[in-house]
Amino acid sequence: MNHYQQLIADEILSVQGQKDHCLAVLGAGGLESWESKEYSELVEDYDQKLLELNNRLPLAG
């Protein structure tokens, strides 16, 4: 794995961690409706970012 692939892989791990945190907060419940909406939107954003990063990973090689 070259330097650029490693950077992308590290970013994937970071984004996945942020998504996992949002899912844990949503799963715990007790949120106001606006908070739940915000976290759900973040999960969607993270999903899109993960798709982009995973598509870019092989191209960096």
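Gly-29 sits in the loop between H1 and H2. With a relative accessible area of 35%, Gly-29 is partly exposed; here buried means under 20% relative accessible area, exposed means over 50%, and partly exposed is in between, using a 1.4 Å probe and protein chains only. Gly-29 and Gln-5 are 24 residues apart in sequence, and their C-alpha atoms are 37 Å apart in space.

A quick word on what you're looking at: this is a predicted model, where local features need pLDDT of at least 70 and side-chain atom pairs count only at pLDDT 80 or more, while totals for chains, interfaces and linings use all residues. Residues are numbered from 1 along each chain as its sequence is written, and side-chain values use heavy atoms, with hydrogens and water left out.

**The two helices**

The chain has two helices and zero strands. Helices are DSSP runs of H or I with at least four residues, strands are runs of E with at least two, and both are numbered from the N terminus. Two packed helices are described by the angle between their axes and the distance between the axes. Here, helix H1 covers residues 3-28 and helix H2 covers residues 33-56, and they pack at an angle of about 160° with their axes 9 Å apart. The axes are lines fitted to C-alpha atoms, for helices over the stretch in contact, and angles run from 0 to 180 degrees between N-to-C directions.

So how do H1 and H2 run relative to each other, roughly parallel or roughly antiparallel? They are roughly antiparallel, the label for angles over 145 degrees; under 35 counts as roughly parallel, 65 to 115 as roughly perpendicular, and the rest as oblique. Their crossing is left-handed, meaning that the near helix is turned anticlockwise from the far one by less than a right angle, with clockwise being right-handed.

The residues making this contact include Ile-8, Ile-12, Val-15 and Lys-19 of H1, and Tyr-39, Val-43, Tyr-46 and Leu-50 of H2. Contact means heavy atoms within 4.5 Å. Sorted by class, the contact has 13 nonpolar, five polar and five charged residues. Ala, Val, Leu, Ile, Met, Phe, Trp, Tyr, Cys and Pro count as nonpolar, Asp, Glu, Lys and Arg as charged, and the others, Gly among them, as polar.

**A few residues up close**

| Residue | Place | Relative accessible area | Class |
|---|---|---|---|
| Gln-5 | helix H1 | 17% | buried |
| Lys-19 | helix H1 | 16% | buried |
| Gly-27 | helix H1 | 66% | exposed |
| Gly-61 | segment after H2 | 73% | exposed |

Leaving aside residues up to four places away in sequence, Lys-19 touches Val-43, Tyr-46, Asp-47 and Leu-50. On the same terms, Gln-5 is in contact with Leu-57, Ala-60 and Gly-61, and Gly-61 touches Asn-2 as well as Gln-5. Gly-61 and Val-25, 36 residues apart in sequence, are 36 Å apart from C-alpha to C-alpha. Gly-27 and Val-43 are 16 residues apart along the chain, with 12 Å between their C-alpha atoms.

**The whole chain**

Along its principal axes, the C-alpha trace spans about 45 × 15 × 10 Å. The chain has a radius of gyration of 14 Å, whereas a compact globule of 61 residues would be near 10 Å; this radius is taken over C-alpha atoms, and the globule rule is 2.2 Å times the number of residues to the power 0.38. Buried residues make up 21% of the 61 residues. Of the contacts with a separation of 6 or more, 68% come from residues 24 or more positions apart.
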